[in-house]
Amino acid sequence: MDSLTGQQIHDQEVKQMQSFLSYYNRLTELCFSDCVHDFTNRRIAANENNCAMHCTEKSLKVIQRVGVRLQEVQIMQNEALMAGQAP
């Protein structure tokens, strides 16, 4: 297997950061749109704050669960690949 060069590692890190920022922006927009409705006051209402906290928590749990599931699938695929290569 080829080792990654410094530039390739840097490129992967940049892509990872872009992916994170894209997700963060989507999450912020989604939870804001769903939870904040009163723009007549500068303060965040308790119900808006609770809604935003629940929205964020739920979204992060979903992403975590999807990540775990993707790892499981990748492990199964790698095991199947290795089993197919065994003599």
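Is Cys-55 buried or exposed? The exercises below treat this point and others in turn.

The model is predicted: local features need pLDDT of at least 70, side-chain atom pairs count only at pLDDT 80 or more, and totals for chains, interfaces and linings use all residues. Residues are numbered from 1 along each chain as its sequence is written, and side-chain values use heavy atoms, with hydrogens and water left out.

**Exercise 1. Classify Cys-55 by its accessibility and describe the disulfide that contains this residue.**

Step 1. The classes are buried (under 20% relative accessible area), exposed (over 50%) and partly exposed (in between), computed with a 1.4 Å probe and protein chains only. Cys-55 has a relative accessibility of 14% and therefore counts as buried.

Step 2. A disulfide is a pair of cysteine sulfur atoms within 2.5 Å. Cys-55 is joined in this way to Cys-31, with an S to S distance of 2.0 Å.

Step 3. The two cysteines are 24 residues apart and link distant parts of the chain: Cys-31 belongs to helix α1 (residues 6-35) and Cys-55 to helix α2 (residues 46-85). Helices are DSSP runs (H or I, at least four residues) and strands likewise (E, at least two), numbered from the N terminus.

Step 4. The torsion about the S-S bond of Cys-31 and Cys-55 is about -85°, so this disulfide is left-handed. The partner Cys-31 is buried, at a relative accessible area of 5%.

**Exercise 2. Describe the link of Cys-35 and Cys-51, and state the disulfide pattern of the chain.**

Step 1. The sulfur atoms of Cys-35 and Cys-51 are 2.1 Å apart and form a disulfide.

Step 2. Cys-35 lies in helix α1 and Cys-51 in helix α2, so the bond ties together parts that are 16 residues apart in sequence.

Step 3. The link of Cys-35 and Cys-51 is left-handed, with -65° about the S-S bond.

Step 4. Cys-35 is buried, its relative accessible area being 3%, whereas Cys-51 is partly exposed at 27%.

Step 5. The search of the whole structure finds two disulfides. With bonded cysteines counted along the chain, the pattern is 1-4, 2-3.

**Exercise 3. Where does UniProt place the Tim10-like domain, and what is the helix content over those residues?**

Step 1. The UniProt record, an unreviewed entry, places the feature "domain: Tim10-like" at residues 12-72. UniProt positions follow the numbering used here, feature names are shortened, and annotations may be inferred rather than shown by experiment.

Step 2. Over residues 12-72 the chain is 84% helix and 0% strand. The end C-alpha atoms of this segment are 22 Å apart.

**Exercise 4. Identify the aromatic pairs and give the geometry of each.**

Step 1. Rings of Phe, Tyr and Trp (its six-membered ring) pair if their centres lie within 6.5 Å; planes under 30 degrees apart count as stacked, over 60 as edge-to-face and the rest as tilted. The structure holds two such pairs.

Step 2. Phe-20 and Tyr-24 form a stacked pair, at 6.4 Å centre to centre and 25° between the planes. These residues are four residues apart in helix α1, so about one helical turn separates them. Tyr-24 is partly exposed, with a relative accessible area of 46%.

Step 3. Phe-32 and Phe-39 form a tilted pair, at 6.0 Å centre to centre and 50° between the planes. Phe-32 counts as partly exposed at 45% relative accessibility, while Phe-39 is exposed at 59%.

**Exercise 5. Locate the salt bridges and place each in its helix.**

Step 1. Side chains of opposite charge can pair when their charged atoms come close. A salt bridge is a side-chain nitrogen of Lys or Arg within 4 Å of a carboxyl oxygen of Asp or Glu. Two are found in the whole structure.

Step 2. Lys-61 bridges to Glu-57, with the closest N and O atoms 3.1 Å apart. Both residues lie in helix α2, four residues apart, about one turn of the helix. Glu-57 is partly exposed at 42% relative accessibility.

Step 3. Glu-72 and Arg-69 meet through their side chains in a salt bridge of 3.1 Å, N to O. They are three residues apart in helix α2, separated by about one helical turn. Glu-72 is partly exposed at 39% relative accessible area, and Arg-69 counts as partly exposed at 43%.
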